[in-house]
Amino acid sequence: MSERELARRVPTQADFDLFAGISGDDNPIHVDPDFSSRTRFGRTVSHGMLLYSWAWALLKAALPGQRPVSAQLMFPNPCYAGEEIRFVLEEAENQARVRVCRSEDGAELLLLETRMQQAGR
């Protein structure tokens, strides 16, 4: 598989709050710093689907003319506001993988694996 970095981003609490408003997922682990400070995470964490949305948009831009046939998602570690994350694309024939990792320690936050095909098929 070939590999290339698609983007870097620093998620913010405002991103979490906006996504909560759009999605309706206002779980306090995402939007309430006081509540979250008392959890095992110690602070708010990103919605997994927010990470997926960013990764999906980058994947579509990186592979124009292709569309997904299937997708699998894993969220092995939490994503926190204020910590830079990297989006890395690995691709091979008809397959693409986007890894979202914390820049500081390389912890994998999202693994998106897809099977792709040419659009119009």
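This text goes through the nonpolar core, one buried arginine and a surface patch of a predicted model. Local features need pLDDT of at least 70 and side-chain atom pairs count only at pLDDT 80 or more, while totals for chains, interfaces and linings use all residues. Residues are numbered from 1 along each chain as its sequence is written, and side-chain values use heavy atoms, without hydrogens and water.

The largest nonpolar core has 23 residues, and L59, I85 and V100 touch the most other members. Such a core is a set of buried Ala, Val, Leu, Ile, Met, Phe, Trp, Tyr and Cys residues joined through side-chain atoms within 4.5 Å. At least two residues come from each of α1 (13-23), α4 (48-62), β3 (85-92), β4 (95-102) and β5 (108-118). The largest share, eight residues, is from α4. Helices (H or I, at least four residues) and strands (E, at least two) are DSSP runs, numbered from the N terminus.

Beyond its neighbours within four places in sequence, V100 is in contact (heavy atoms within 4.5 Å) with A55, I85, R86, F87, A107, E108, L109 and L110.

R102 is in strand β4. Its relative accessible area is 11%, so R102 is buried; buried means under 20%, exposed over 50% and partly exposed in between (1.4 Å probe, protein chains only). Leaving out residues up to four places away in sequence, R102 touches P78, Y80, E83, E84, I85, A107 and L109.

L73 belongs to strand β2 (residues 66-74). Because its relative accessibility is 32%, L73 counts as partly exposed.

Definitions and conventions. Patches are made of residues with over 30% relative accessible area and no salt bridge: like charges are joined within 9 Å, nonpolar side chains (Val, Leu, Ile, Met, Phe, Trp, Tyr) within 5 Å. Accessible areas come from the Shrake-Rupley method with a 1.4 Å probe; for residues, only the protein chains shown count as cover. A salt bridge is a side-chain nitrogen of Lys or Arg within 4 Å of a carboxyl oxygen of Asp or Glu.
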